[in-house]
Amino acid sequence: MAQGREGAAGDRVSGHTSDPVLLELYRHRLSGIAEEMGVTLRRTSFSPNIKERLDFSCALFDGEGRLLAQAAHIPVHLGAMPASVAAALRAVRAWQPGDLVILNDPFEGGTHLPDITMVSPVFVGDEGAPQFFLATRAHHADVGGMSPGSMPLSTEVYQEGIIIPPLKLDEAGRTNEALLALLLRNVRTPNERRGDLAAQRASHAVGEARLRELVARHGLAEVAEYGGHLVAYSERVTRAAIAGWPDGVYEAEDVLETVSEGEVTFAPLRVRATIAGDGVTLDFEGSAPALPSSLNAVLAITQSACWYAVRCLVGDEAPVNGGGFTPVKVLAPAGSVLNAQPPAAVAGGNVETSQRVVDVVFSALAQALPEQVAAAGQGTMNNLTIGGLDTRAGAGTPFAYYETIGGGMGAHPEGDGLSGVHVHMSNTLNTPVEALERAYPFRLWRYALREGSGGVGHHRGGDGVVREYEMLVPCTVTMLSERRERPPYGLQGGESGQPGRNVLIHPDGREEALPGKFTRRFRPGERLRVETPGGGGWGNAEVVTRNAE
């Protein structure tokens with residue numbers, strides 16, 4: 001780490017040498033702006049998914065679209081967000097103060113349709129071009145499509161909701177009301193969507209104000225210069241870390257659980273990790289072709305998961321910005337499940353396939369770094385959507401609920417995995433029981449740790465959770481989950497965690513096993529119990545016990 005600090009003083013950007021103290025100050029100044037944007041977005045949002053679960057992300061970019069800083073929000077959002085900014089820059093030829101671009105098209109910089117991204121320029125000088133860009137991404141609980149919550153068991157992207165290419169929602173400070181009306185007409189919960197979009201807009205206003213204050217205090221030249229220094233520093237620290245890894249080629253394979261004609265089948269994900277000098281290439285040649293399901297991922301999602309995995313092993317010394325991505329090359333064949341092309345369905349690629357990419361990359365890198373890589377976590381986000389008409393107050397009001405559910409973290413060389421947490425590409429919270437039951441016509445019967453579901457080992461995998469919902473009105477329920485057939489793997493002799501289970505409980509108490517992916521109409525009084533996977537164990541417990549004796 002000392003080497004990295006000494007290197008910081010040697011950064012040269014625009015012919016100047018950076019000061020390591022100022023470098024650290026700017027690291028926190030810029031990321032602090034992104035954090036404050038996130039606080040604003042949370043506090044002004046309408047939906048429990050954003051306000052309670054924190055399913056959003058915020059980031060800052062320079063005038064060329066390079067990621068400068070981000071808040072500690074959602075990994076799958078943030079690693080893919082540079083693609084959104086790049087798409088906005090391609091779509092807009094001339095930026096003006098007060099512009100705001102909106103998009104969600106997975107094939108034009110987006111990830112999946114519920115993730116609506118906004119990009120805005122920041123002008124802080126007399127130049128005709130913006131010096132910075134701000135970006136937010138929030139998961140909206142419904143954007144239309146074939147089932148409430150917009151996470152359907154789809155076969156093409158058109159079934160998943162309204163598709164928004166990069167368009168100006170605001171131009172020179174004036175909202176395009178016709179575009180906004182079109183968007184709201186295509187969702188089930190327009191008032192909630194209007195409120196959440198306004199919260200994103202408010203977040204951008206705060207970010208712009210803080211950037212202007214920073215520039216007014218320290219000058220545009222210094223702020224821009226140290227943004228460049230941070231990008232260069234992150235790349236150098238990442239390269240230095242990779243240079244310490246053993247060169248070689250390391251291969252691994254995992255699977256996605258798919259359904260074909262009512263039978264569970266497995267789609268392979270294969271990676272070849274090549275560590276050479278100060279760079280690593282992750283090649284997914286041999287992975288399954290695009291699937292007739294929503295598990296396909298666009299390339300930005302695959303890249304995001306790969307960057308996240310490498311970042312975990314590099315450590316916190318490197319600031320999170322575009323420089324840290326440079327030493328990591330990601331290859332995935334066009335038309336494969338990891339580089340889907342239109343009109344492939346992609347709703348689940350963002351949430352489920354991203355988790356499996358992390359698992360398979362860690363499995364490969366564990367061969368090179370056995371004392372650094374953790375066992376597999378739960379490997380799924382357990383995506384649950386519930387929608388219908390809320391008739392508790394008389395006339396039915398449309399509602400759409402979305403939640404991801406935590407599980408077990410994989411054990412690691414230094415200790416046990418955590419229990420009941422969101423792992424890897426998800427970094428959200430649960431919806432508190434009080435908020436859930438107040439907002440929606442269902443109740444929680446049970447919410448507890450799934451004791452004993454973590455894998456046994458020298459260090460034990462974390463336990464999953466049990467979350468049981470009773471429907472109070474007729475509802476359409478969709479579940480999109482993985483690791484129901486193949487459990488999360490253990491490492492270095494540790495045992496696998498337990499796979500998850502989905503169970504329908506009828507009013508008479510009879511239980512019916514449900515598949516990992518389903519859409520079903522639930523009647524009042526029926527309950528859904530979700531048992532999430534436990535994390536894998538790390539190290540052979542028996543060997544450790546014998547050695548101790």
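The exercises below work through pockets, one serine and several salt bridges in a predicted model.

**Exercise 1. Describe the largest pocket and its lining.**

Step 1. The volume of the largest pocket is about 1300 Å³.

Step 2. Its lining is made up of 50 residues, and Tyr-308, Arg-311, Cys-312, Asp-316 and Val-320 lie nearest the centre.

Step 3. Elements giving two or more residues to this lining are α2 (20-44), β4 (67-70), α4 (75-91), α7 (220-243) and α8 (299-314). The most comes from α8, with eight residues.

Step 4. By class, the lining of the largest pocket holds 25 nonpolar, 19 polar and six charged residues.

**Exercise 2. Do the same for the second largest pocket.**

Step 1. The second largest pocket has a volume of about 420 Å³. Its lining has 18 residues, and those closest to the centre are Phe-46, Ser-47, Pro-48, Glu-192 and Ala-439.

Step 2. Two or more residues each come from α3 (48-51), α6 (190-218), β15 (397-403) and α10 (433-439). The largest share, four residues, belongs to β15.

Step 3. The lining of the second largest pocket divides into nine nonpolar, four polar and five charged residues.

**Exercise 3. Place Ser-287 and find the partners of its side chain.**

Step 1. Ser-287 sits in the loop between β12 (279-283) and α8.

Step 2. Its relative accessibility is 11%; buried means under 20%, so Ser-287 counts as buried.

Step 3. A polar atom of the Ser-287 side chain lies 2.9 Å from the backbone nitrogen of Arg-270. The side chain also reaches the backbone oxygen of Phe-284, at 2.9 Å.

Step 4. Leaving out residues up to four places away in sequence, Ser-287 touches Pro-268, Leu-269, Arg-270 and Leu-338.

**Exercise 4. Compare the settings of two salt bridges, Glu-235 with Arg-239 and Lys-517 with Glu-482.**

Step 1. The side chains of Glu-235 and Arg-239 meet at 3.0 Å, N to O. Both residues belong to helix α7 and are four residues apart, which means a separation of about one helical turn.

Step 2. Glu-235 is partly exposed at 24% relative accessibility, and Arg-239 is partly exposed at 22%.

Step 3. In the other pair, the closest N and O atoms of Lys-517 and Glu-482 are 2.7 Å apart. Lys-517 lies in strand β21 (residues 517-522) and Glu-482 in the loop between β18 (475-480) and β19 (501-505), so this pair ties together parts 35 residues apart in sequence.

Step 4. Lys-517 is buried at 14%, and Glu-482 is buried at 0%.

Key. Residues are numbered from 1 along each chain as its sequence is written. This is a predicted model: local features need pLDDT of at least 70, side-chain atom pairs count only at pLDDT 80 or more; totals for chains, interfaces and linings use all residues. Side-chain values use heavy atoms; hydrogens and water are left out. On a 1 Å grid over the protein atoms alone, a cavity is a set of points where a 1.4 Å probe fits but cannot get out, and a pocket is an open set with protein on both sides within 12 Å along at least five of seven lines; lining residues have an atom within 4 Å of a point. Grid points are joined across faces, edges and corners, and a volume is the space filled by probe spheres set on the points. Ala, Val, Leu, Ile, Met, Phe, Trp, Tyr, Cys and Pro count as nonpolar, Asp, Glu, Lys and Arg as charged, and the others, Gly among them, as polar. Buried means under 20% relative accessible area, exposed over 50%, partly exposed in between (1.4 Å probe, protein chains only). A polar contact is a pair of N or O atoms within 3.5 Å; within protein, one must be able to donate a hydrogen and the other to accept it, and residues adjacent in sequence count only if both atoms are side-chain atoms. Contact means heavy atoms within 4.5 Å. A salt bridge is a side-chain nitrogen of Lys or Arg within 4 Å of a carboxyl oxygen of Asp or Glu.
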